[in-house]
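Biologist: Please take a close look at one part of this model, the charged pairs and the packing around them. I would like one connected account that a first-year student can follow.

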Amino acid sequence: MLQSFLFRRFAILLLLTSFFGCSRKTYLERSNEDAALRDAVRKITKNPSDTEAADAIPVLYKNIKSTRLGRIKSYSSTVEIGRWDLIISEYEQLQQIYSMILNSAPAFRLVTPESFSDRVLGAKDSAAAAYYALGIEAMEKGGRSNLKKAYDLFKRDRKSTRLNS
C-alpha cells in the first residue's frame, strides 16, 4: 500500500515536471535581449522559415540598439575618465551584433544593421587623447605616486589606440 502511494506521487510529480518544464519563453519574453537575438539569428540561419525568430529579430535589434545608444549617451554626459571604457564596450557590442546579422543571410533580409566601426575607432581615439592628457598632467605634478599614475594612464592610452584594437 505504501509503495503504490509513493508510486502514484512519483508519477504525478513526473507528469507535472514534464508539463511545466516544457514551457519556454519566446525570444521577446527573455530578459537578456542580447542572448535572445543571438539565439534567434542562429535559429533562423539553420531554419530560414522559422517565423518566431523572423518576428523577433527586428524587434530585438531595435531594442538592443536603442538601449545601448541610450547608455552611450548617458556615459558621454559624465566627466569621469572611466566613461571611455564603457562607451567603447557598448560600441563594440553593437559592432558584434552588426557582424552577427551581416553573416546570416536570412537575418540580414529582415534587418539592415548599422555599422559602428567608425564610432568604435572614434571613441578609442578620444579615450587615448583623454588618457594621454591626464598622464601629462600627472607627470607635471611630479612625485613618485604621480609618476606611477602617469605611467598607468599612458598604458591605458596605448591600450586605447587604433593600433592595439
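Modeller: A salt bridge is counted where a side-chain nitrogen of Lys or Arg lies within 4 Å of a carboxyl oxygen of Asp or Glu. By this rule the count comes to eight salt bridges. The model is predicted. As background, side chains of opposite charge can pair when their charged atoms come close.

Start with Asp 39, which takes part in two of these pairs. One partner is Arg 30, and the closest N and O atoms of that pair are 2.5 Å apart. The other partner is Arg 42, with the closest N and O atoms 3.5 Å apart. Asp 39 and Arg 42 both belong to helix H2, where they are three residues apart, about one turn of the helix. Asp 39 has a relative accessible area of 27% and is partly exposed. Arg 30 is partly exposed at 25%, and Arg 42 is partly exposed at 49%. The value for Arg 42 counts as partly exposed because exposed means over 50%.

The next pair joins two helices. Arg 71 forms a salt bridge with Glu 90, and their closest N and O atoms are 3.4 Å apart. This pair links distant parts of the chain, since Arg 71 is in helix H3 and Glu 90 is in helix H4, 19 residues apart. Arg 71 is partly exposed, with a relative accessible area of 36%. Glu 90 has a relative accessibility of 7%, so it counts as buried, the cut-off being under 20%. Salt bridges that share partners join Arg 71 and Glu 90 with Asp 34 and Arg 68 into one network.

Now look at how the two helices of that pair are placed. H3 and H4 pack at an angle of about 160 degrees, and their axes are 9 Å apart. Angles over 145 degrees count as roughly antiparallel, and H3 and H4 are therefore roughly antiparallel to each other. Their crossing is left-handed. The H3 side of the contact includes Arg 68, Arg 71, Ile 72 and Tyr 75, while the H4 side includes Leu 86, Glu 90, Tyr 91 and Leu 94. By class, the contact of H3 with H4 has eleven nonpolar, two polar and five charged residues. Arg 71 and Glu 90, the salt-bridge pair described above, are thus both part of this contact.

Asp 34, another member of the network, leads to the packing of H2 with H4. H2 (residues 33-46) and H4 (residues 83-102) pack at an angle of about 15 degrees, with their axes 10 Å apart. That makes H2 roughly parallel to H4, because angles under 35 degrees count as roughly parallel. H2 passes H4 in a left-handed crossing. On the H2 side, the contact is made by Asp 34, Leu 37, Arg 38 and Val 41, and on the H4 side by Ile 97, Met 100 and Ile 101. These residues divide into five nonpolar, no polar and two charged. Ile 97 and Ile 101 of H4 also appear in the contact with H3.

Technical notes:
Residues are numbered from 1 along each chain as its sequence is written. This is a predicted model: local features need pLDDT of at least 70, side-chain atom pairs count only at pLDDT 80 or more; totals for chains, interfaces and linings use all residues. Side-chain values use heavy atoms; hydrogens and water are left out. Axes are lines fitted to C-alpha atoms, for helices over the stretch in contact, and angles run from 0 to 180 degrees between N-to-C directions. Helices (H or I, at least four residues) and strands (E, at least two) are DSSP runs, numbered from the N terminus. Angles under 35 degrees count as roughly parallel, over 145 as roughly antiparallel, 65 to 115 as roughly perpendicular and the rest as oblique. A crossing is left-handed if the near helix is turned anticlockwise from the far one by less than a right angle, and right-handed if clockwise. Contact means heavy atoms within 4.5 Å. Ala, Val, Leu, Ile, Met, Phe, Trp, Tyr, Cys and Pro count as nonpolar, Asp, Glu, Lys and Arg as charged, and the others, Gly among them, as polar. Buried means under 20% relative accessible area, exposed over 50%, partly exposed in between (1.4 Å probe, protein chains only).
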